[in-house]
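The following account is to be read alongside the sequence and the coordinates. It takes up internal cavities, helix packing and some local backbone features in turn.

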Amino acid sequence: MTQTFPGAAPRRGVLSIDEGTTGTRAGVVLDSGAAHEVFYRSIAVGHPDDLSVEQDPMEIWTATVEVARRAVDRAREEGIEVTAVALSTQRATAMLWDRVTGRPLLPAVVWQDRRYAQELTAYEAEWDAALLARQGRPVGARSPFLWAARQIAEHPEVAGAHRAGRLLFGTVDTWLIWRLTGGAVHATTPTNAASTGGYLLERHAWDEEWIGRLGFPLDLLPELRSDDAGFGTTDPSALGVALPLAASMGDQHAALVALGGLAAGQGMCVYGTGAFVDAATGTTPALPRPDISGVLAQPGRRQGGTSHYSLEAYTSTAGSALRWLCDDLGLFASPKELGEEAGRVPTRPGRTPRFVPALAGVRTPVWHPEATAALTGLTLATTRADLARAVLDGIAHSVCDLIDGVADTMGTPFTRLRVGGGVSGSDPLMRIQADLTGLPLERVSDSATASLRGTAYLAGVARGLWSSLEEIVEAQPRGRVFEPSLPAAERAEQRGAWREVLIAHLGDPALRPLNTSTPH
């Protein structure tokens with residue numbers, strides 16, 4: 001227990017809840033900006049068939065209550081004053097529940113669900129251009145609104161609840177806000193609404209034309225509030241305390257805040273199972289370009305009634321490729337050993353082994369969801385270290401495709417790029433990544449709590465704990481910086497050679513060779 005000296009001001013903080021896809025964590029973010037002890041509980045994810053992904057809304061709720069109460073209790077033991085509650089959540093996972101009983105009527109449909117992907121393709125020709133212009137994203141492969149419309153049509157209990165005025169719809173944030181406030185608030189925020197494919201970027205409103213076209217009853221839409229607008233007070237029966245619920249954000253947006261993506265050009269890359277690249281673009285949205293696939297425009301945050309926009313790109317294969325090679329194939333004992341082997345191979349131009357880590361398709365620079373991975377350029381002289389280096393090169397090039405796609409969509413280069421996530425712990429990968437991007441990469445010291453801290457920072461500013469996001473974000477410890485060491489010509493040569501590998505593997509005529517000053 002922390003010792004409190006007589007006359008010392010008590011520490012203050014924000015209780016922050018981070019509800020992810022596979023688990024929920026909670027902890028108090030102190031007035032220093034650091035996360036106090038964080039508590040975690042895993043959540044099951046079900047796969048009823050090849051296309052469906054589901055979760056139990058009540059398990060999400062009970063896990064949230066458990067970890068949040070533990071964090072509150074620990075803060076009380078340590079003499080920490082909790083001033084507000086903040087929430088960050090997985091995005092686009094949706095559910096339907098009864099407002100009278102408070103019980104879910106069906107399992108939640110998770111953002112990874114693809115059961116309506118084929119049906120949604122029929123809308124692309126008519127709707128993609130319009131949705132890109134007003135929502136910053138195309139029709140896509142998922143729609144919580146189409147899912148809900150189908151459930152109402154197919155399940156008499158759900159239809160009956162709707163007719164009786166008892167049915168409620170929402171994403172995970174809406175569900176948790178409703179439960180945390182004892183049913184007093186039914187609302188969502190832009191950073192969650194955008195991922196549903198129904199949010200008008202520049203109007204801060206629902207796209208009722210599109211949502212209605214999918215058959216979704218507009219009377220079920222939650223209220224839209226700014227991310228820091230406040231969502232009432234927590235019900236003491238839920239967390240044991242009555243506190244203002246001050247902020248709610250989508251998890252990647254919260255992480256972007258914590259990693260310093262506040263002004264245009266400031267970005268982050270988080271390496272986990274896959275890799276996310278996000279960049280702030282200012283108070284005017286940078287809309288997607290038709291020639292760059294997989295880069296989506298979205299609200300980075302809506303703070304004080306002002307929308308601050310961002311861009312996001314994602315690849316599903318980063319840590320998953322390392323686990324596949326190490327755990328499934330047994331080619332390396334661990335990702336750490338793979339990195340050590342790769343570090344023995346110097347940067348070499350020419351015909352070296354190449355690994356395209358498309359184990360779950362390609363999104364950027366072109367959309368090929370059916371694409372598979374490839375390992376090419378092997379000879380009798382290829383060593384185990386060469387193979388390890390090819391794997392890290394392939395991951396780094398794939399992430400570089402995301403970084404280039406976001407920068408080209410912004411129309412300006414990144415002014416700062418901070419990196420985090422478990423896979424960013426590989427020094428060899430970070431050195432390769434810095435060389436290929438030509439940018440210094442700052443590996444933040446505590447990326448594991450980025451979502452937890454980012455939404456807490458937003459709540460703390462709203463409640464007067466800090467004067468601004470800039471104040472608290474810039475007060476955090478600096479991380480290790482990886483500086484690029486490759487000359488520009490050699491970097492261009494390597495990126496051009498990678499593009500040729502992609503062209504050969506994907507066979508896509510839309511994928512053009514890069515214009516570089518160095519032939520390859």
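How do the residues of the lining of the second largest cavity divide into nonpolar, polar and charged? The model in which this is to be answered is a predicted one. In that lining, seven residues are nonpolar, one is polar and three are charged. The residues concerned are A92, V109, V110, D113, R115, Y116, A141, R142, S143, P144 and W147, and the space that lies in this second largest cavity amounts to about 80 Å³.

One of these lining residues, A92, also merits attention for its backbone. Its phi is near 70°, a positive value in a residue other than glycine. A92 is placed in the loop between β5 (81-89) and β6 (94-98).

The search of the whole structure that reveals this cavity finds five cavities of 30 Å³ or more. In the largest cavity lies about 140 Å³ of space. Its lining is made up of 16 residues, of which T315, G361, V362, T364 and S398 are the closest to the centre. Two or more lining residues are given by each of β17 (306-315), α13 and α17 (488-506), and the largest share, three residues, comes from α13. By residue class, the lining of the largest cavity divides into nine nonpolar, five polar and two charged residues.

T364, listed among the residues closest to the centre of the largest cavity, takes part in a further backbone feature. A cis peptide bond joins T364 to P365, with omega about 15°. P365 itself is placed in the loop between β18 (354-356) and β19 (374-376).

Helix α13, which gives the largest share of the lining of the largest cavity, also packs against another helix. The axes of α13 (residues 384-410) and α14 (residues 427-437) come within 9 Å and cross at roughly 45°. Because of this angle, α13 is oblique to α14. The crossing in which α13 passes α14 is right-handed. On the α13 side, the contact is made by R389, L392, D393, I395, A396, H397, V399, C400 and I403, which meet P428, L429, I432, Q433, L436 and T437 in α14. The residues of this contact divide into ten nonpolar, three polar and two charged.

What, then, is the angle at which the axes of helix α10 and helix α15 cross? The axes of α10 (residues 251-258) and α15 (residues 450-462) cross at roughly 75° and come within 7 Å. The helix α10 is therefore roughly perpendicular to α15. Here D251, A254, A255, V257 and A258 in α10 meet A450, S451, R453, G454, T455 and Y457 in α15. Six nonpolar, three polar and two charged residues form the contact of α10 with α15.

A final site concerns a contact between parts of the chain separated in sequence. R225 is found in the loop between β12 (223-224) and α9 (236-239). Although R225 and T188 are 37 residues apart in sequence, their C-alpha atoms are 6.2 Å apart in space. Leaving aside residues up to four places away in sequence, R225 touches V185, A187, T188, T189, P190, H204, G230, F231 and G232.

How values were computed:
Residues are numbered from 1 along each chain as its sequence is written. This is a predicted model: local features need pLDDT of at least 70, side-chain atom pairs count only at pLDDT 80 or more; totals for chains, interfaces and linings use all residues. Side-chain values use heavy atoms; hydrogens and water are left out. Axes are lines fitted to C-alpha atoms, for helices over the stretch in contact, and angles run from 0 to 180 degrees between N-to-C directions. Helices (H or I, at least four residues) and strands (E, at least two) are DSSP runs, numbered from the N terminus. Angles under 35 degrees count as roughly parallel, over 145 as roughly antiparallel, 65 to 115 as roughly perpendicular and the rest as oblique. A crossing is left-handed if the near helix is turned anticlockwise from the far one by less than a right angle, and right-handed if clockwise. Contact means heavy atoms within 4.5 Å. Ala, Val, Leu, Ile, Met, Phe, Trp, Tyr, Cys and Pro count as nonpolar, Asp, Glu, Lys and Arg as charged, and the others, Gly among them, as polar. On a 1 Å grid over the protein atoms alone, a cavity is a set of points where a 1.4 Å probe fits but cannot get out, and a pocket is an open set with protein on both sides within 12 Å along at least five of seven lines; lining residues have an atom within 4 Å of a point. Grid points are joined across faces, edges and corners, and a volume is the space filled by probe spheres set on the points.
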